[in-house]
Amino acid sequence: MYRKIIVCLAAVAVSFSAFAQNRLWYNSPAGKVWEAALPLGNGRLAAMVYGNPASELIRLNESTIWSGGPNRNDNPDALAALPEVRKLIFEGKHKEASKLATEKMQSKIHGMKYQPAGDLKLDFPGHAVFENYYRELDLGSAVAKTSYRVNGVQYTRSVFATVPGQVIVVRLTADKPGSISFTAALVTEHKPSAVAVVGNDELVMSGTTSNKDGVTGKVKFQTLAKVRAEGGSVKSTGNAVNVTNANAVTIYISIATNYVNYNDISADEGKRASAYLTKALQKNYATLLKEHVAAYQHYFNRVKLDLGSTDSTKNPTDVRLRDFANGNDPQFAALYFQFGRYLLISASQPGGQPANLQGIWNDKMDPPWGSKYTININTEMNYWPAEETNLTEMHDPLIQMVRELSVTGQGTARNMYGAGGWVTHHNTDLWRITGPVDPIFYAMWPMGGAWLSRHTWEKFLFGGDKKYLQTVYPALKGASQFYLDYLIEEPTHKWLVVAPSISPENAPKAHPGVSMAAGVTMDNQLVFDLFTNTIRAAEVLNIDKEMVVKMKAARKRLPPMQVGQHGQLQEWLEDLDNPDDKHRHVSHLFGLYPGNQISPFRTPELFEASRNSLIQRGDISTGWSMGWKVNLWARLLDGDHAYKLIRNQLTPAGLNKGENSGGGTYDNLFDAHPPFQIDGNFGCTAGITEMLMQSHDGAIHLLPALPREWQSGSVSGLRTRGGFEIKELVWKDGQVVKLTIKSTLGGNCRLRVPNVLKGINKAATKGENPNPFFVIENTAAPVISDKAKLTLPSLKETILYDVVTQPGKTYTFSK
């Protein structure tokens, strides 16, 4: 009998764990808290569902509803001032250089802002008192549900944003016929705007976006909400639709704008919105749902992650978040990993706009930082998980934006710097501006093109498609051409440096409040990275041999990385780092992650200096900064420290204390800078991936940074450079017990693993991996301060294997 009870309880525990595996769920509504509402999206449309029984609120977005219109923000006075600004920097007069750059280089247009479409409000009379409440976001189907009981009737709402249908669908049901009565209305803060009812059952809302920085708002949009009731009656009252005593109701929401591309706003928003709606209305709810789930799962189901589970899975998501930092809930990290993948699928779809600072979700007319594209890390971080977590199609909108910036940025390169190629600074927007944004302290960073271009090359490394590479090569080439023209010899070492520039958003203690500099470490790493990637792309395509020679010559003259007096990787050309600096940006560690210039196996001094820098910078910071640090500690092969950062990040917003206090996570698992920024979600998803698998350093390194809490588990579907896919990786007690890997391109598969594997005959030979997708450019020897005290890293023993693979074949190995 006792055995039966134990078995039964175990079955219940397993069942509940499976239920909670890919669900965010709560036992109370979001109320008025946007960061507690649940996000839905199809890459173009987005909704935040509050789940309030009496007054349901669904906040709506469309990815091209931005303030302003086509514009440029170059400063034409910059070119004449450039020589003097450089002269002042090289003379050590950074404050004077900054003052001149403010007068002559700073822009008057600081980017447009992403704005909401408005709200759908559903008011249910008599539903203020309820019981048996439950709401969830099912990551397995991308459907949000709300359920509760009023007067003995169980009500259920289901909402999803469909890619095939291009509408948002709201389904209302009850377990007793004739029980559904409510009023529906559309509202918006945009002025001018208008709301009307067509017939008895269709809400129509039109508006035009805001002006900003002297740029007139020219995006016109229209929102349609069609109410279809089964049973009961539907009628209009003023600007609202009333439904009475229905059995079930489906609401179809369509939104469209006049935006065609960054310099064309000639579309008819009304015709577009009507076309989307008409197409959706031709299918019933069940068909729309089935097609939606199939399209979504085509991407989401590619990757599965099991890190184990505990009784914590029985708790609502907000309770698990509260307990995670000091509890034992490994499945919560797996849930957060999959939530990041869910958000990327929902915010970034082929043919659409890239995920911005808030992804695609925004409830404010004037959102923080305009909810733009901040390209000195945040936009790039959004796409760190794209290739490795098998969402390469979601990468496409960012790649397309790079193509577009490589066109608009040519004018900025020419007009501001007298250079060829193209350039962009630390922010852009829907209109693909490329000039400086914000005060010069933040703005004087002409490196956005270098970092963004990296994504075009990384996509090729994972997929190996030469036809694709041909389409992005002009952007790589143009970015490199700019730096060939812009680099200037600095007077002390005769190195080629980027000047003027900054180390993003930071300034050395030696000249507080003044960020202006030359040859900062991140810039040197970025240019090295860009030249290397462009050289390899040109060699793959067998073109531009003369330019390759020039890039190789310039690359040799870049400053080497330097280890300063505190044993740190220097952030600036001079040894100016303050070991007490807790700044959120750790820009000089780009070469460690996402770059591959710093390695435990190839550059041990730089590896240790990076570790020292990260320790000095501290753990607690803004949400996105902690997400970056998860990746950095994973690259430092320290799984326990990486996991500590995950615990820090998965702490309720406001509880973390420190110089950059407040970072963490909101109840709906949105990342808290604070305020909400989505980059931290994506950064941590990428970091969890890096803890389990890395492929940047000449081999596929399995379990490189496994924390004590994840000593056993499994993952499937991760992708690596060179076109390999981890079909199954199972580990126990920190060792690989089963590995199944598929080769899509063929070639040598070099594995780095913690233990001996059966089924592999050939241990890896010493030397470079012969697979061209794993070629690593040698990093220059660092300059090390005489005052620096470095302890070279002690690395765990690993085993290298080489497996010669054939395209399309799968290989399995075991312990």
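Q: Which residue of β7 stands opposite Arg 135?
A: This is a predicted model, in which local features need pLDDT of at least 70 and side-chain atom pairs count only at pLDDT 80 or more, while totals for chains, interfaces and linings use all residues. Residues are numbered from 1 along each chain as its sequence is written, and side-chain values use heavy atoms, with hydrogens and water left out. Strands β6 (residues 131–138) and β7 (residues 143–150) pair in the antiparallel sense over six bridges; two strands pair if DSSP finds at least two bridges between them, and strands (E, at least two residues) and helices (H or I, at least four) are DSSP runs numbered from the N terminus. Opposite Arg 135, in β7, stands Thr 146.

Q: Which strands stand at the edges of the open sheet of nine strands?
A: Let's walk across this sheet: the order is β1-β6-β7-β8-β9-β16-β13-β12-β11, with antiparallel pairing. Two strands have a single partner each, so one side of each is left without a neighbour in the sheet; these are β1 (23–26) and β11 (193–198).

Q: By how much are neighbouring strands of this nine-stranded sheet turned against each other on average?
A: The pairing in this sheet is antiparallel, but the turn between neighbours is taken with direction ignored. Axes here are lines fitted to C-alpha atoms, for helices over the stretch in contact, and angles run from 0 to 180 degrees between N-to-C directions. The average is 15°.

Q: What angle does the direction of helix α5 make with that of β8?
A: Helix α5 (residues 285–300) packs on the nine-stranded sheet. Its contacts (heavy atoms within 4.5 Å) reach β7, β8 (153–162), β9 (167–174) and β16 (248–257). With the direction of β8, α5 makes an angle of about 55°.

Q: Which residue in the hairpin of β11 and β12 takes a positive phi?
A: β11 pairs with strand β12 (residues 202–208) in the antiparallel sense over six bridges, and Ser 193 has Gly 207 in β12 as its bridge partner. Three residues lie between the strands of the hairpin. The positive phi, near 65°, belongs to Gly 199.

Q: How large is the average twist from one strand to the next in the open sheet of seven strands?
A: Here the order is β2-β3-β4-β5-β10-β15-β14, with antiparallel pairing. β2 (38–41) and β14 (233–237) each have a single partner strand, so one side of each is left without a neighbour in the sheet. From one strand to the next, the twist averages 20°.

Q: Is Leu 45 buried or exposed?
A: Leu 45 is found in strand β3 (residues 45–49). Leaving aside neighbours within four places in sequence, its contacts include Leu 40, Val 167, Ile 168, Ile 253, Ile 255 and Ile 360. Buried means under 20% relative accessible area, exposed over 50%, and partly exposed in between (1.4 Å probe, protein chains only). Because its relative accessibility is 0%, Leu 45 counts as buried.

Q: What is the relative accessibility of Phe 124?
A: Phe 124 lies in the loop between β5 and β6. Not counting residues up to four places away in sequence, Phe 124 touches Pro 53, Ala 54, Glu 56, Arg 157, Leu 172, Ser 181 and Phe 182. Phe 124 counts as buried, with a relative accessibility of 5%.

Q: How many of the residues in the contact of α6 with α7 are nonpolar?
A: Helices α6 (residues 317–324) and α7 (residues 330–347) pack at about 115°, with their axes 11 Å apart. Thr 317, Arg 320, Leu 321 and Phe 324 in α6 meet Gln 331, Phe 332, Ala 333 and Leu 335 in α7. Ala, Val, Leu, Ile, Met, Phe, Trp, Tyr, Cys and Pro count as nonpolar, Asp, Glu, Lys and Arg as charged, and the others, Gly among them, as polar. Besides two polar and one charged, the nonpolar residues number five.

Q: How do α12 and α13 run relative to each other, roughly parallel or roughly antiparallel?
A: The axes of α12 (residues 448–463) and α13 (residues 466–486) come within 9 Å and cross at roughly 155°. Angles under 35 degrees count as roughly parallel, over 145 as roughly antiparallel, 65 to 115 as roughly perpendicular and the rest as oblique. The two helices are therefore roughly antiparallel.

Q: How many of the eleven residues of helix α18 are buried?
A: Helix α18 (residues 639–649) is largely enclosed by the rest of the structure. Its buried residues, among them His 641, Tyr 643 and Arg 647, have a cover that includes α6, α7, α17 (623–635), β23 (664–665), β24 (671–672) and α19 (679–692). Of the eleven residues, the buried ones number nine.
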